Amino acid sequence: MRPSVALLRKDLLLERRAPEAIPAMLLFSVTTFVLFHFGLGRDEVAGQLAAGVLTVTLLFAAILGINRLFVAEQEEGGFDGVLLAPIDRTALFVAKAAGLFLFLALVEVVAVAAFAILLLGPSPWPALPGLLVVLALLNLALAVVGALVSALAIRTRARDLIVPIVALPLLTPALIAAARAAAPLFDAAGADGPPTKWLAVLALYDLVFGLLAYAVFDFLLED
Amino acid sequence: MYGKGLRALSLATFAALTATFALVFFYAPLDADQGFIQKIFYVHVPVAIVTLCAYVVGAVFAALHLRTRDRRWDLRSYVVIHIALIFNILGLLTGAIWAKASWGHWWVWDEPTLVSFLIVFLLFATYQPLRFSIEDPERQARYASVFAIMAGAFVPLNFIAVRTATAYVHPRVLASAEGGLPGSMAFVFVVAIVAMTLLFALLVSYEIAAKQTKWQLRALRRRLLGSDAVAPLGRSAAPSLGEPSRGGSATRAPRNPAEAAS
């Protein structure tokens, strides 16, 4: 566990000293809300539409972070460092997934507020507890799949092309579940709790892909 | 010697397919509701089932490749996914035709099989670009296997998500199989599944045999004519099993960080 914490601290320190991914994801999210306003031609959204706008925006913002996740390792020889150190290679996966989870959580603090101010029709406060659960589960899905896809794509020739085309279909079930789970929260007639059925699907997705990614990550770091 | 048993498999597939189509057209009863067009069910559904099973089989082969380091498993995984992708397109097309004929639209979002199929297709369509963008053959095989395992696990999960998301407004032909599907239809359906499975196995065997023969031919030419006479293989998404005699230079991973970064 300690190597993971050390690697995570390194990533957080890097991001604090030279903020790169988080500001980009944040700006991207807010810009996308503005684009949705014009694209949909609506001043306010509610229900399934609001849930869709929010989750799709977060998914696309996550793609930016996924693209950058291993760039420092690739350019500065961090992979060799991890391979040379007497630690389990999956420590890198755990650290990167945890880092992406934290980045996304930070982005969401501002992005959800911006969403509530710019686009959301009903009051965001009653939806907040349910939304926290949905976003936590969605972030977990984005983090585990993102860390794996990022490692898969980083040493290919066309990495910024490979990341979105692989990650988007792979994350489709998570997006379906998150958007459906968040829909009742933004209901115009008053917030309702997220349906357990969808939370269960999302949790199942997290569990299956978390374990799988943990199991196969080793093979991406062999040379 | 490659392609052992291909002749027997070809004959069995031919017989099974002929039997299927004969049964579909002359034996299976007309659907009271949809009439003749319902017969596409005997192509569409078996193709869909074979495709999804094949993706899972491809993932199992990929896992075996990672476990055993035997590159032949990578070849099998690649070929299975390749043919499954073709079956996938076939399933999408027949599904769209069926949807047009029975519901009047080429695309119906509340038909979970069709929607899952599209998402699975979009995911597996990235398998070849991913392979193509990795030059080192050993790493290509390894990364492709990791992808295939994730994507194989994705197939059932995706099905759960899409099925849960779909409103059950249309009757499920298969769901009513226990109660509704008459015995004669069920029999034809089972024959159709067997025929499609045989067809799939046949195509996979042919592609594997063709690839292995090609590599053997290259190896023989190189031995006869010298290595200068045989043009090196270009970049390819397909696994290259038969290229060990290139002085090992092709399969060596770039050790130099500068080389790896480029």
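A residue is taken as exposed if 12 or fewer other C-beta atoms lie within 10 Å of its own, as buried if 20 or more do, and as partly exposed in between. By this criterion B:R69 is exposed, because 12 other C-beta atoms lie within 10 Å. The structure in which this residue is described is a predicted model, with an ipTM of 0.89 and a pTM of 0.86. For chain B the average pLDDT is 82, and 84% of the residues score at least 70. The confidence falls in residues 244–262 of chain B, where pLDDT stays under 50 and for which the model has 17 contacts beyond four places in sequence. Where pLDDT is low, the predicted coordinates should not be read in detail.

Chain B contains eight helices and zero strands, so that its pattern along the sequence reads α-α-α-α-α-α-α-α. Of the 262 residues in this chain, 35% are buried. Among the contacts in chain B between residues at least 6 apart in sequence, 77% join residues at least 24 apart.

Helix α2 of chain B covers residues 41–68, and its 28 residues should span 40 Å at 1.5 Å a residue, a value with which the 40 Å between its end C-alpha atoms agrees. Within this helix lies B:H65, which counts as buried because 27 C-beta neighbours are found inside 10 Å, against the 20 that the criterion requires. When residues up to four places away in sequence are left out, B:H65 touches B:D70, B:W73, B:D74, B:S77, B:A141 and B:S145. B:F121, by contrast, is 56 residues from B:H65 in sequence and 23 Å from it in space, C-alpha to C-alpha. Just after α2(B) comes B:R69, which lies in the loop between α2 and α3 (71–103) of chain B. The backbone of B:R69 takes a positive phi of about 65°, although the residue is not a glycine.

Helix α6 of chain B, residues 137–165, has 29 residues and reaches 40 Å from its first C-alpha to its last, close to the 42 Å expected at 1.5 Å a residue. A kink of about 30° is nevertheless present in α6(B) at B:V155, shortly before the proline B:P156.

A kink is also found in chain A, where α8(A) bends by about 45° at A:T172, shortly before the proline A:P173. Of the 24 residues of α8(A), 18 are buried, and the helix is therefore largely enclosed by the rest of the structure. The largest nonpolar core comprises 149 residues, of which A:A141, A:V145, A:A182 and A:L202 touch the most other members. The helix that gives the most to this core is α7(A), with 17 residues. For A:L202, the residues touched, not counting those up to four places away in sequence, are A:L137, A:L138, A:A141, A:A174, A:A177, A:A178 and A:A181.

Two leucines of helix α2 of chain A were also examined. A:L40 is placed in this helix, which covers residues 21–40, and is exposed because it has 12 other C-beta atoms within 10 Å. Between A:L40 and A:V53, which are 13 residues apart along the chain, the C-alpha separation is 9.9 Å. A:L27, likewise found in helix α2 of chain A, counts as partly exposed because 13 C-beta neighbours lie inside 10 Å, whereas exposed residues have 12 or fewer. The C-alpha atoms of A:L27 and A:V107 are 9.4 Å apart in space, although the two residues are 80 apart in sequence.

Between the chains, 28 residues of chain A are in contact with 28 residues of chain B. On the side of chain A that touches chain B, the elements that give two or more residues are α4 (71–76), α7 (128–154), α8 (159–182) and α9 (196–216). The largest share of this side, ten residues, comes from α8(A). By residue type, the side of chain A that touches chain B divides into 18 nonpolar, four polar and six charged residues. Helix α8(A) thus combines this share of the contact with chain B with a kink at A:T172.

Terms used
Residues are numbered from 1 along each chain as its sequence is written. Chains are lettered from A and ligands numbered from 1 in the order in which they are written. This is a predicted model: local features need pLDDT of at least 70, side-chain atom pairs count only at pLDDT 80 or more; totals for chains, interfaces and linings use all residues. Two residues are in contact if their C-beta atoms, placed from the backbone, lie within 7 Å. Helices (H or I, at least four residues) and strands (E, at least two) are DSSP runs, numbered from the N terminus. Ala, Val, Leu, Ile, Met, Phe, Trp, Tyr, Cys and Pro count as nonpolar, Asp, Glu, Lys and Arg as charged, and the others, Gly among them, as polar. The expected span of a helix is 1.5 Å times one less than its number of residues. The bend at a residue is the angle between axes fitted to the seven residues ending there and the seven starting there. A nonpolar core is a set of buried Ala, Val, Leu, Ile, Met, Phe, Trp, Tyr and Cys residues joined through C-beta atoms within 7 Å. pLDDT is the predictor's confidence in each residue, from 0 to 100.
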